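Please work through the exercises below with the sequence and the structure side by side. Try each task before reading its solution.

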Amino acid sequence: MVERVLGLKLEVEVENMVKEIDPRYMYLLLFIVVGAPLLRPLGLPLPITAPVKALYDKIESLPPGSVVLFEYGVGAASWPEHGPSNIAVLKHLLSKNVKIILISLYTAEGPTNFATRIKPAIAHLLEKKTYGVDYVDFGYVTGYETAMAAIAENIHKALPRDVYGTPIEQIPLMKNVKTAKDLALVIATGYCEPYIRQFYTPYGVPVAIMTWGMNAPGYMPYIAAGQLVGMVAGIRAAAEYEVLIASPGEACASSDALSLSHLFVVILIVIGNLQYWLGGRRVR
Amino acid sequence: MSWLRRRELPLFLTAILGIMAFADYFFDIPVLHSAVSDLQVWIIILSAFAMFMGVINLTIVHGRVVMREKDVVRRALSAWTLFLMYLMAILGLLPPITGHPSYRWLYTTTIAALDPTVYSILAFFITSASYRAFRARNLETTIFLVAGIIVILYNAPIGGYIHPGIVTLGAWAMGVPITAGQRAIMVGAAIGALALAIRTFSGRESAWLKAGGGG
């Protein structure tokens with residue numbers, strides 16, 4: 001009798017345990033897990049991954065006077081993933097003696113985000129540089145991959161004027177920059193394939209990418225093949241770059257939130273599987 | 001002028017121009033380089049014009065709702081959309097070219113705030129979905145689950161803090177099996193794209209000619 005009662009009780013406990021967690025509690029916990037470290041950072045260590053270090057080393061190894069094409073196509077929606085990496089890499093470039101060609105190919109929002117959010121973050125470094133000599137901005141150019149092909153083939157033909165309407169012939173930086181062969185590095189935002197197709201494969205120009213974190217596994221073959229010289233994928237990689245250039249910013253501040261939210265997802269997966277197995281492997 | 005409406009004309013132009021661009025990528029022919037370079041600049045101009053066509057299209061679609069729709073809420077929403085679109089367009093045209101302060105203010109306080117908010121709501125769905133969907137039902141899903149957890153922890157700085165082996169294992173997973181799998185997918189997709197290009201150039205693939213992309 002006692003055994004039957006205990007057995008029944010045990011069954012009820014297991015049944016209660018395998019009940020699904022109410023999504024509202026999950027959402028509340030996620031909100032706390034993401035929000036708390038933003039208010040009170042934990043300062044967890046941040047190991048530097050190879051693709052991020054590779055881009056850092058590539059920029060460090062650029063000879064003085066090298067010309068870098070920097071594509072800052074950051075949209076408002078992807079700002080949390082792309083914004084900090086754009087700022088960190090630009091800070092690094094501006095600290096070196098290299099020439100920078102700025103352009104937005106991925107989105108028409110690029111120039112607005114550059115003017116309102118990226119430029120204020122790098123203003124102190126831009127002040128030391130001369131527009132037209134050390135850097136030039138071509139704003140948004142439509143056509144995406146076709147525009148890339150046209151720029152790689154003949155920059156002066158594809159980009160006749162900069163964002164302020166100055167003819168390209170009057171820009172000192174562009175005097176000796178005619179085709180992709182004159183570029184030492186292309187650093188882009190978004191997807192890497194078009195840049196590999198239009199800059200690396202035909203002209204051998206090294207390409208690096210600042211992309212979404214979810215793209216990192218998909219881009220590993222390009223890293224392994226040397227078609228990408230470096231990659232800053234997502235907020236974690238941006239935080240690594242901020243550490244490398246010793247300039248902690250938005251990404252470092254978010255890195256603890258990222259850690260805890262990922263850990264929270266893993267814990268939920270484990271709980272979900274325990275419930276699945278304890279609940280007689282019923283499909284939920 | 002009926003020949004202008006025939007589908008053979010765009011198919012013929014696509015085939016010729018496509019083959020020219022294709023050949024230019026692989027062969028060093030100066031005449032072809034020059035012609036394709038011109039074509040590329042044309043496409044940049046056409047793409048810019050396509051954005052203008054988008055504005056006209058939105059005006060027609062929402063204008064029709066404002067004029068004909070009986071539901072007041074729908075009419076109001078369409079009118080509001082049109083008003084905002086033209087407000088942003090007009091402010092965007094005002095000097096300085098890098099952004100009039102009013103345009104920047106509107107962008108920062110609306111789009112820059114709303115876009116990431118909508119995007120970040122995904123985090124809640126992904127969390128809930130990972131709890132419900134990641135089940136070790138059989139050997140394949142167990143491998144998938146273990147690999148997923150390793151990569152999740154590898155991508156989070158806390159992974160290395162929990163155990164240094166996670167970083168090593170994550171780097172190996174990213175560099176070896178994931179790279180191998182991705183290569184297979186990429187090669188497959190590239191062959192598929194090549195087949196699609198050949199079909200398009202030869203006129204066998206004409207679904208893109210139909211309005212709305214159907215077919």
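Three exercises with worked solutions follow. The model is predicted, so local features need pLDDT of at least 70 and side-chain atom pairs count only at pLDDT 80 or more, while totals for chains, interfaces and linings use all residues. Residues are numbered from 1 along each chain as its sequence is written, and chains are lettered from A and ligands numbered from 1 in the order in which they are written.

**Exercise 1.** Find the order of the strands in the open sheet of chain A, and describe how α8(A) packs on this sheet.

Solution. Begin with the strands, which, like helices, are DSSP runs numbered from the N terminus (helices are H or I with at least four residues, strands are E with at least two). Six strands of chain A form the open sheet with parallel pairing, in the order β3-β2-β1-β4-β5-β6, where two strands pair if DSSP finds at least two bridges between them. At the edges lie β3 (135-140) and β6 (230-233) of chain A, each of which pairs on one side only. From one strand to the next the twist averages 15°.

Next, take the helix: α8(A) touches β4 and β5 of chain A, and its direction makes about 165° with that of β5(A). Such angles run from 0 to 180 degrees between N-to-C directions, with axes fitted as lines to C-alpha atoms, for helices over the stretch in contact. Contact here requires the C-beta atoms of two residues, placed from the backbone, to lie within 7 Å.

**Exercise 2.** Which residues of helix α8 of chain A are buried, and against which elements do they pack?

Solution. A residue is buried if 20 or more other C-beta atoms lie within 10 Å of its own, exposed if 12 or fewer, and partly exposed in between, with C-beta atoms placed from the backbone. In helix α8 (residues 193-203) of chain A, the buried residues are A:Y195, A:I196, A:Q198, A:F199 and A:Y200. These buried residues pack against α6 (145-153), β4 (185-189), β5 (207-211) and α9 (216-224) of chain A. After α8(A) comes A:G204, whose phi is positive, near 75°.

**Exercise 3.** Why is chain B described as more spread out than a compact globule?

Solution. First note that the secondary structure of chain B comes to nine helices and zero strands. The radius of gyration of chain B is 26 Å, well over the 17 Å that the globule rule gives for 215 residues, so chain B is more spread out than a compact globule. This radius is taken over C-alpha atoms, and the rule is 2.2 Å times the number of residues to the power 0.38. Finally, the C-alpha trace of chain B spans about 70 × 55 × 40 Å along its principal axes, and buried residues make up 13% of the 215 residues.
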